[in-house]
Structure formats: C-alpha cells, structure tokens
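Student: I have a structure to go through. Can we check what its labels rest on?
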Amino acid sequence: NALADESELPEMVRKIMLYIQQNYDKEISNSQISNAFGYHSYYLNRIFKESTGTTIHQAVLLEKIRVAKRLLKETDLPIGAVALEVGFADRAQFCTIFKKHTSRTPTEYRK
C-alpha cells in the first residue's frame with residue numbers, strides 16, 4: 001500500500017519523514033514525534049502507516065539502516081563508530097538490526 005510518489009503523501013506524513021531524516025541519529029520515540037507535531041501518537045502512527053505501509057518506528061529503523069549502508073560503503077569508520085553515528089546504543093544492537101533488515105552483517109555488507 002506504499003505510495004510510489006512522495007508528493008502524493010499527506011503533508012503531515014511528509015513532515016514526519018523529514019523529521020526522521022533530520023533526527024535519525026537520536027533516540028526517536030513515537031511519543032517524541034507526536035509531541036513535536038502536537039498530535040496523539042496513535043493517530044500519527046495510524047496516518048503514517050495508512051500512507052506508507054510502515055510504522056513510524058520501522059521508518060526510523062529503515063532511515064538508520066539507509067545511512068549506515070552509506071557510511072559502510074563510503075567510509076572506513078569502524079562498525080562500532082557507524083553504530084553510534086546512526087544512533088544505536090551499541091554495536092551488538094546495531095549488528096542484529098542491520099542483519100535483520102539486510103540479511104548481511106555490517107562487515108559482510110561493507111565487502
């Protein structure tokens with residue numbers, strides 16, 4: 001149900017996506033996003049999921065993974081540094097989530 005053209009998304013959803021892109025390196029919760037936009041988190045998540053096919057939480061993780069992939073390809077940063085750069089508390093958590101989303105460990109992806 002994800003829309004191909006971002007311009008067709010409701011303005012609120014585009015704003016949330018931009019917020020995620022600008023804050024992916026921090027710990028972002030649904031309640032922080034709902035506070036930032038002045039709406040109940042259940043409402044925002046429902047609108048977001050209806051428009052994109054994914055939850056806000058998933059969108060945050062996907063943005064972290066997207067940036068991590070770029071850092072792994074374009075830099076020589078150690079895996080732990082990449083994990084911190086994209087906002088994961090530790091390397092182990094990052095590696096687990098990265099592998100779940102890409103089917104490869106960060107080291108395998110870098111090669």
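Student: What is the handedness of the crossing of H1 and H2?
Tutor: This is a predicted model. In it, the crossing of H1 and H2 is right-handed.

Student: Which residues make the contact?
Tutor: H1 brings Met12, Lys15, Ile16, Tyr19 and Ile20. H2 brings Gln32, Ile33, Ala36 and Phe37. By class, that contact has seven nonpolar, one polar and one charged residues.

Student: Why are H1 and H2 called oblique to each other?
Tutor: Start with the values. H1 (residues 11-23) and H2 (residues 30-37) pack at about 120°, with axes 11 Å apart. Roughly perpendicular covers 65 to 115 degrees, and roughly antiparallel means over 145. The angle of about 120° fits neither range, so H1 and H2 are oblique.

Student: How do you know that Lys73 is exposed?
Tutor: Lys73 lies in helix H4, residues 56-74. Its relative accessible area is 57%. Exposed means over 50%. Lys73 is therefore exposed.

Student: What makes up the largest nonpolar core?
Tutor: It has 16 residues. Ala68, Leu72, Val82, Val86, Phe88, Phe94 and Phe98 have the most contacts inside it. H4, H5 (79-85) and H6 (91-102) each supply at least two residues. H4 gives the most, with six.

Student: What does Phe94 touch, not counting residues up to four places away in sequence?
Tutor: Phe94 touches Ala68, Ile79, Val82, Ala83, Val86, Phe88 and Pro106.

Student: Which residues does the second core include?
Tutor: That separate core has 13 residues, including Ile16, Ile20, Leu44 and Ala59.

Definitions and conventions. Residues are numbered from 1 along each chain as its sequence is written. This is a predicted model: local features need pLDDT of at least 70, side-chain atom pairs count only at pLDDT 80 or more; totals for chains, interfaces and linings use all residues. Side-chain values use heavy atoms; hydrogens and water are left out. Axes are lines fitted to C-alpha atoms, for helices over the stretch in contact, and angles run from 0 to 180 degrees between N-to-C directions. Helices (H or I, at least four residues) and strands (E, at least two) are DSSP runs, numbered from the N terminus. Angles under 35 degrees count as roughly parallel, over 145 as roughly antiparallel, 65 to 115 as roughly perpendicular and the rest as oblique. A crossing is left-handed if the near helix is turned anticlockwise from the far one by less than a right angle, and right-handed if clockwise. Contact means heavy atoms within 4.5 Å. Ala, Val, Leu, Ile, Met, Phe, Trp, Tyr, Cys and Pro count as nonpolar, Asp, Glu, Lys and Arg as charged, and the others, Gly among them, as polar. Buried means under 20% relative accessible area, exposed over 50%, partly exposed in between (1.4 Å probe, protein chains only). A nonpolar core is a set of buried Ala, Val, Leu, Ile, Met, Phe, Trp, Tyr and Cys residues joined through side-chain atoms within 4.5 Å.
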